[in-house]
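Visitor: I have a structure to look at and some questions about how its parts meet. Please take me through the answers step by step.

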Amino acid sequence: MAPVLPLVLPLQPRIRLAQGLWLLSWLLALAGGLTLLCSGHLLVQLWHLSTFLAPSCPFAILPQVALAAGTVALGTGLVGAGASRASLDAAQYRPWRKVLSPLLVAGTAAGGGLLVFALGLTLALPGSLDTGLEEGLGTALAHYKDTEVPGHCHAKRLLDELQLRHHCCGRHGYKDWFGVQWVSSRYLDPSDQDVVDRIQSNVEGLYLIDGVPFSCCNPHSPRPCLQSRLSDPHAHPLFDPRQPSLNLWTQGCHAALLGHLQSLASTLGSTLTVTFMLQILVLLGLRYLQTALEGLGGVIDGEGEAQGYLFPSGLKDMLKTAWLQGGVAHRPAPEEAPAEEEPPKEGLPEA
Amino acid sequence: MALLKVKFDQKKRVKLAQGLWLMNWLSVLAGIIIFSLGLFLKIELRKRSDVMNNSESHFVPNSLIVMGVLSCVFNSLAGKICYDALDPAKYAKWKPWLKPYLAVCVLFNIALFLVTLCCFLMRGSLESTLAHGLKNGMKYYRDTDTPGRCFMKKTIDLLQIEFKCCGNNGFRDWFEIQWISNRYLDFSSKEVKDRIKSNVDGRYLVDGVPFSCCNPSSPRPCIQYQLTNNSAHYSYDHQTEELNLWVNGCRAALLSYYSSLMNSMGAVTLLVWLFEVTITIGLRYLHTALEGVSNPEDPECESEGWLLEKSVSETWKAFLESLKKLGKSNQVEAEGADAGQAPEAG
């Protein structure tokens, strides 16, 4: 039974491996911490923008999974740093000998699995943002006027603050406001003929105007903001045709938010990739260090053959021994195979 | 009678030196923090120098920056001295410098305390600068085509949105200035002509405010024009309406922002000052304890450390005497130089 990917490790390379592993482990811990910070930041941003994202949008899963993956990476880094530091001293390494195997299995399974899952989500989920934002912003626009309806009373304030902070207007442009009644009926004068005409001429009885809220105004405009009667060319006779775009924000909030969240997601994706690569290196290094030290009896400068490997025997042999181990437990019939497999079985619990 | 005498044996001296070494390096970190605080305050003041007439005083951030740098320098030097203090050979080369160095440290601590006081007291000058600056800023709001002032509208709008304020003391300040440029007034309209004629200076004043004064928390769409005319808007009473516009004036908002900034910086500097005083006292004890080692061959012997060799009044008298002697010897030297005779020391 040949060990998988064996590597001969004399004294100097062993010490180098332990030292290099210590450095890599701290780098992994740093990368894990960065991932935690990035995913935390993204979670906070999503919480602030929760009004504008449809509840059915699954985008929020990404930072949660990344948070878990970052925690596991941080843990792996700290364990790796401790184990590699202890491996240089025989007395300190003794308590690590029993603990290292299950830790490696847990690290590979949990850490590797979570990181792969998170990376997959980073690639797949931003697409769902599009529809989520579309729906969420549409609802917010429709409820802008409902400042006294419980459950929607904050829509006006949140949408105004969104437009002021992200420099956007409406969903895809300022004309979205022309199709929504954003002035509450409470503030409409029922005796005003203009108001009555507008409501009667609309199929659904909505009061639609060609005006926008104040939060769409662009402070860079040289003239005081024009908010009302925007489609009437004679309403503002001195409107400067050279700078039509400076009066209001031209970008729609859908594009603005999409860009903002996608850039955050891509930053998170790059930190996850770096963490993933570092985690693979640290886990491999730890495995090689562990198997090399086992061959020497747990002392880094001990006598004996120093060979590190990934698995004591190939995959097929491992499965066979595991199967036969289970078979011996059920059938007491003596077979030669299990007796021969006894010594390599020692390697199994470690793998 | 020495002031605050403390007995030191070898172990205690070593512990004192090690503790002082650590404290000095922590103090270097504190110096870096003070430097960055000063830099941050300078940048914040520069960002809004437009509304402060470009005449704001940068004394506080400049002095914080200088104090931070000095603190780093002095404390790293003191750390080196404490490190060498345990080795008699290395300490011998520092010995003659220690007394003047301690004097410089005392002066530095006094200066740091003065800077801390300044952090808390600069409020008054900032208030008057802000009042003038904002008044001018609002005056130039409409001059978006005058070079040198074309950015004032954008600055004031962004300021009012960010600090949630309107006008200098309140939104009524906008009623007293013409903030709509003549370029955008339709002079063929009767209403415009009436307003301009009825004003003494020929200005177009409205009872309206720019859009940046609007409060997003208001339940109704923002009312910007005809603010004092109740009949112009349905179900509107300008006396009781509170949420429509920001109620704070920008002067008060900016003042409270900068005050809180400088107060917190003052608090941090005060803590650092206390830390520095502790270090100076510790250094003085180490100095006198090492001086008091009577037998240089036996490093294990006990010695005494004190703050002042004699009591405070005696030390002050001795200090004045030495000043007088210095003055007398100068005088005698000058006379001797005139007479061409070598003077006798007084």
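Guide: This is a predicted model. Domain 1 and domain 2 of chain A bury about 1,200 Å² between them, with 70% of that on carbon and sulfur atoms.

Visitor: Which residues of domain 1 of chain A lose the most area to domain 2 of chain A?

Guide: The area in question is what the domain 1 side of chain A buries against domain 2 of chain A. Three residues together give 52% of what that side buries. They are A:E134, A:L137 and A:L141.

Visitor: Where does chain A divide into its two domains?

Guide: Each domain is made of two stretches of chain A. Domain 2 consists of 153-233 + 246-254. Domain 1 consists of 4-141 + 258-313.

Visitor: What distance separates the centres of domain 1 and domain 2 of chain A?

Guide: The centres are taken over C-alpha atoms. The contact takes 12 residues from domain 1 of chain A and 12 residues from domain 2 of chain A. Between the two centres lie 49 Å.

Visitor: Which side chain meets A:R171 in a salt bridge?

Guide: The count between domain 1 and domain 2 of chain A is 1 salt bridge. A salt bridge needs a side-chain nitrogen of Lys or Arg within 4 Å of a carboxyl oxygen of Asp or Glu. For A:R171 the N to O distance is 3.6 Å, and the partner is A:E134.

Visitor: Which element gives the largest share of the side of domain 1 of chain A that touches domain 2 of chain A?

Guide: There are 4 residue pairs in polar contact between the two domains of chain A, both residues at pLDDT 80 or more. Two elements give two or more residues to the domain 1 side: helix 7 (253-295) and helix 4 (126-142) of chain A. The largest share, 7 residues, comes from helix 4 of chain A.

Visitor: How many salt bridges does the rule find across the interface of chain A and chain B?

Guide: In this interface, 26 residues of chain A are in contact with 24 residues of chain B. The rule finds 6 residue pairs in polar contact there, both residues at pLDDT 80 or more. For salt bridges across the interface of chain A and chain B, the number is 0.

Visitor: Which residues of chain A lose the most area to chain B?

Guide: Chain A and chain B bury about 2,300 Å² between them, and carbon and sulfur atoms give 70% of it. Three residues together make up 28% of what the chain A side buries. Their names are A:Y187, A:F214 and A:P219.

Notes. Residues are numbered from 1 along each chain as its sequence is written. Chains are lettered from A and ligands numbered from 1 in the order in which they are written. Side-chain values use heavy atoms; hydrogens and water are left out. Domain bounds come from an automatic or database domain assignment. Contact means heavy atoms within 4.5 Å. Buried area is the accessible area (1.4 Å probe) that two parts lose on being put together, summed over both. A polar contact is a pair of N or O atoms within 3.5 Å; within protein, one must be able to donate a hydrogen and the other to accept it, and residues adjacent in sequence count only if both atoms are side-chain atoms. Helices (H or I, at least four residues) and strands (E, at least two) are DSSP runs, numbered from the N terminus.
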